[in-house]
Amino acid sequence: MKVQEAKLSEIPIRSFMVSLIVLRKVETEAEVLLLKRTQTLTGEWCQVAGGIEGNETAWQAALRELMEETGLSALKLYSADICEQFYEADRDAITMAAVFVAIVGDNDVISLNHEHSDFQWVSFEQARDMVPFAGQRNVLRHVEEEIVNRPVHPQLLLFEG
């Protein structure tokens, strides 16, 4: 007698967006930019994030999103060498977002778009306390350890403006 194998469903994995940790150096400390959301995740503090458009590469989308959401231009852009991942119940899918790190000037002026009502420059510890999700806290820990606290591998530098 042949045993029938159960048909397993798969959860789709979607990768259509980027996540961007924005840093500035004040004296000897790095500060993280957090933005207060007005639409999706209303009222939550988050990093810059957004979709990849047209023929953009992921890193080009990160630079565009930085400009659109904050009015800032990156002095340097790095691959964080990590992906942020989370489950979206409404789509029954896992979203994976490539994470980038933008270094901006310490006196650059922020101009928020309609997606955000406020911003704060905070320490990594404060940022981890403010963001709502464990995945964001993991990304912040990784960026602090691998990009801020140790020499960045030259292969991770994507853009220098």
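# Pockets, bridges and one helix

Hello everyone, let's start with the largest pocket: strand E1 (13-26), E4, strand E5 (76-88), strand E6 (93-103) and H3 each supply at least two residues of its lining. Before I go on, please keep in mind that this is a predicted model.

Which of those elements gives the most to the lining of the largest pocket? That is E5, with 4 residues. In total, 22 residues line the largest pocket, and Met17, Thr40, Leu41, Ala49 and Phe86 are the ones nearest its centre. The space in there comes to about 590 Å³. As for chemistry, the lining of the largest pocket divides into 8 nonpolar, 9 polar and 5 charged residues.

Now for the second largest pocket, with about 380 Å³ of space. Here E1, strand E2 (29-37) and H3 are the elements that give two or more residues to the lining. So you will meet E1 and H3 again, since both of them also supply at least two residues to the lining of the largest pocket. The second largest pocket has 18 lining residues, and Leu23, Lys25, Glu29, Ala30 and Val148 lie nearest its centre. By class, its lining holds 9 nonpolar, 4 polar and 5 charged residues.Let me step back to the overall picture. The protein has 3 helices and 8 strands, and along the sequence they follow the pattern β-β-β-β-α-β-β-β-α-α-β. Along its principal axes, the C-alpha trace spans about 75 × 35 × 35 Å. Of the 161 residues, 38% count as buried.

Next, a look at H1. How far apart are the end C-alpha atoms of helix H1 (residues 58-70)? They are 18 Å apart, and this agrees with the expected span, because 13 residues at 1.5 Å a residue should also give 18 Å. Several residues of H1 are buried, namely Ala61, Ala62, Leu63, Arg64, Glu65, Leu66, Glu69 and Thr70. For anyone who wants the helical geometry in mind while looking at that list, an α-helix has 3.6 residues a turn, so residues three or four places apart point the same way. After H1 comes Gly71, with a positive phi near 75°.

Arg64 takes us on to the charged pairs. How many salt bridges does a search of the whole structure find? The answer is 11. As a reminder, side chains of opposite charge can pair when their charged atoms come close.

One of these salt bridges brings together the side chains of Glu53 and Arg64, at 3.6 Å from N to O. This pair links distant parts of the chain, with Glu53 in the loop between strand E4 (48-51) and H1, Arg64 in helix H1, and their positions 11 residues apart in the numbering. Are the two partners buried or exposed? Glu53 is partly exposed, with a relative accessible area of 44%, whereas Arg64 counts as buried because its relative accessibility is 16%, under the 20% cut-off.

Another salt bridge joins Glu144 and Arg128, whose closest N and O atoms are 2.9 Å apart. It also links distant parts of the chain: Glu144 belongs to helix H3 (residues 134-148) and Arg128 to helix H2 (residues 124-130), and the two are 16 residues apart. Glu144 counts as partly exposed, at 23% relative accessibility, while Arg128 counts as buried, at 17%. Some salt bridges share partners, and in this way Glu53, Glu56, Arg64, Glu65 and Glu68 are joined into one network.

A third pair to look up is Glu88 with Arg91, where the closest N and O atoms of the salt bridge are 2.7 Å apart. Here Glu88 is buried, with a relative accessible area of 14%, and Arg91 is partly exposed, at 43% relative accessibility.

Last topic: the cysteines. How many disulfides does a search of the whole structure find? It finds 0. Cys46 is in no disulfide, and the nearest cysteine sulfur, that of Cys83, is 18 Å away. Why does that distance rule out a bond between them? A disulfide needs the two sulfur atoms to be within 2.5 Å, and 18 Å is the distance from Cys46 to the nearest one. Cys83 is likewise in no disulfide, its nearest cysteine sulfur being that of Cys46. Their surroundings can be read from accessibility: Cys46 is buried, with a relative accessible area of 6%, and Cys83 is partly exposed, with 39%.

Thanks for listening, and I'm happy to go back to any of these sites on the screen.

Notes: Residues numbered from 1 in each chain as written. Predicted model: local features only at pLDDT ≥ 70, side-chain atom pairs only at ≥ 80, totals over all residues. Heavy atoms only, no water. Buried < 20%, exposed > 50% of the residue type's maximum accessible area, 1.4 Å probe, protein only. Expected span 1.5 Å × (residues − 1). Salt bridge = Lys/Arg side-chain N within 4 Å of Asp/Glu carboxyl O. 1 Å grid on protein atoms, 1.4 Å probe; cavity = no way out; pocket = protein on both sides within 12 Å on 5 of 7 lines; lining within 4 Å. Points joined across faces, edges and corners; volume = space filled by probe spheres on them. Nonpolar A, V, L, I, M, F, W, Y, C, P; charged D, E, K, R; others polar.
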